[in-house]
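Work through the exercises below with the structure open, and try each task before reading its solution.

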Protein chains: 2
Amino acid sequence: MTVLVVGSVALDSVETPFGKAENVIGGSGTFFSASASHLSPVQLVGVVGDDYPMDQLEPLRKRGVDMAGLEQAKGESFRWRGRYRHDLNSAETLETRLGVFSHFSPKIPPQFRDAPFVFLANIDPRLQLDVLRQVQRPRLVACDTMNFWIESRRPDIVELIKHVDLITLNDGEARQLTDCSNLLKAARWIMERGPRMVIIKKGEHGAFLFKEKSIFFAPAYPLEDVFDPTGAGDSFAGGFMGYLARSGDLSDASFRRAVVYGSAMGSFAVEKFSVQRLLELTPTDITSRVADFRKLVAFEEEQAT
Amino acid sequence: MTVLVVGSVALDSVETPFGKAENVIGGSGTFFSASASHLSPVQLVGVVGDDYPMDQLEPLRKRGVDMAGLEQAKGESFRWRGRYRHDLNSAETLETRLGVFSHFSPKIPPQFRDAPFVFLANIDPRLQLDVLRQVQRPRLVACDTMNFWIESRRPDIVELIKHVDLITLNDGEARQLTDCSNLLKAARWIMERGPRMVIIKKGEHGAFLFKEKSIFFAPAYPLEDVFDPTGAGDSFAGGFMGYLARSGDLSDASFRRAVVYGSAMGSFAVEKFSVQRLLELTPTDITSRVADFRKLVAFEEEQAT
């Protein structure tokens, strides 16, 4: 089955303790697509300026990302410049130039409107709501958001989450949105307002999937070198949604596997700049990392002691 | 089989966002014993002053903690006063009075010297080394330490770890000891200097067990209310060593289960002040929490896709 993603397609300039990259392709829609396309067909909706290096998106198109919804508008593309110091868990934003993204109004092409899986990547919650008005009863709708929108558009987020099945947030954002410092309480606060499921991402400390009656946890894959954390969360979401779309299975077991696929894809994303590592992955790389996750957490309970 | 623990037996005064406790029993040896005694017989070596409320240790004795090695010396007991603010991951020490503990020289009673499992809880590494000279070829020796000793007695710690099978540290201490910010590299640094295994505890973010060729990870149990984190690490160590002593099994599978038992006991310890919660546990409480850990991380890989 297909995943529709609406998100940003940007140019990133990133500095980490390990190097620098200038104007490389990035954005939530881009990372999501590069990740999910390993598992299922992807439909991407977004906007770029007339300065965007479209040829650099060619590898995504070849991987089955349908770009019929990627508008090219007059003006500058969305650009983000950021830096990571030794704490690779938090980015320092040096510059954000929204460019054509500031007037973005997502138009879902007719042939995308019946996508069974929809991911509303991190954009203005009003636009996320607008996308929901254009699609037809998807089997699963998930959304992401960030601190900026929680501060400036809180009522819209509260409205949005009434209409989604699942939301992904990082731990700081979950605390900020709910005013609960305990993550179980934060997840419950959210689930009382709409979503049946909440994923709380803790960066290098792993991710929780909360459902009404169960909690699943997947650690982050322990890497010796985290090269560039940019896009890890969007790649996680891509692996998660891509896995669900591939399996078409919405059982608890399938959601658990989806979180592990998400964690696996997130762990690849941080190994190189931009979507570089994601683009070079083979199916074996992915299944073998998923197997490594299993080895990392597997233990057997004793038989009656 | 029996576990011998050498550690502090103290009086704690603790303030958390949820309440206050004055002069309650604490110390690394006490928490370790309260935890491990649910799983195996324990021999405790330590020192208290003549002001210590010995009757409060009675429940431990009843649980099978042999106190023949607990010396009562003239003078004041070791007292610690600390506070936790909203970040329950780090304690603020308000006062430490070593009392009789400042002249502590552990004397292992002859009947304890062949204990198959030995845990050197957090005390001066010179004393930890001294204990190792008194015991007879244990099957497994593990030690703990803390930032204070890493700063003031680094060469002694480096000497100590040559002689232990396993060391437990928290993430900050591992980084401080090894000067590696990456935990995999930190663990390898330590394993190159003696121990075959390293446990790195990340508080609410879980714990890693590193071995030469494998990594195991157990999350912390997600609790709605962490009441008082004091003693969580020592209770973890107690559950870990207690499980190994009970099973007598030093296979990889057994070490993994031991980490989960450690995490389970740590999660109980923080639910009330002092050793209160540990003392009221039933065997069913423990096995059911271990089962909950399994549910928390369990996922099945797909069959060939």
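**Exercise 1.** In this predicted model, find which residues Val135(B) touches, leaving aside those up to four places away in sequence.

*Solution.* Start at Val135(B) and set aside residues up to four places away in sequence; the contacts are then Ile108(B), Arg113(B), Ala115(B) and Val118(B). Next, place the residue in the chain: Val135(B) belongs to the loop that runs between α3 (125-134) and β9 (140-144) of chain B.

**Exercise 2.** Decide whether Val135(B) counts as buried, partly exposed or exposed.

*Solution.* First count the C-beta neighbours of Val135(B) inside 10 Å, which gives 18. Then compare this with the cut-offs, where 20 or more means buried and 12 or fewer means exposed. Because the count of 18 falls in between, Val135(B) is classed as partly exposed.

**Exercise 3.** Determine the strand order of the open sheet of nine strands in chain B, and identify its edges.

*Solution.* Following the pairing from strand to strand gives β5-β4-β1-β8-β9-β10-β11-β12-β13 in chain B, and the pairing is mixed. The edges are β5 (65-72) and β13 (215-218) of chain B, since each of them pairs on one side only. Neighbouring strands of this sheet are turned by 15 degrees against each other on average, direction ignored.

**Exercise 4.** Describe how strand β1 (residues 3-6) of chain B is joined to strand β8 (residues 117-120) of chain B.

*Solution.* These two strands of chain B run parallel and are joined by four bridges. To follow one bridge, begin at Val5(B), whose partner in β8(B) is Phe119(B).

Note on methods. Residues are numbered from 1 along each chain as its sequence is written. Chains are lettered from A and ligands numbered from 1 in the order in which they are written. This is a predicted model: local features need pLDDT of at least 70, side-chain atom pairs count only at pLDDT 80 or more; totals for chains, interfaces and linings use all residues. Two strands pair if DSSP finds at least two bridges between them. Axes are lines fitted to C-alpha atoms, for helices over the stretch in contact, and angles run from 0 to 180 degrees between N-to-C directions. Two residues are in contact if their C-beta atoms, placed from the backbone, lie within 7 Å.
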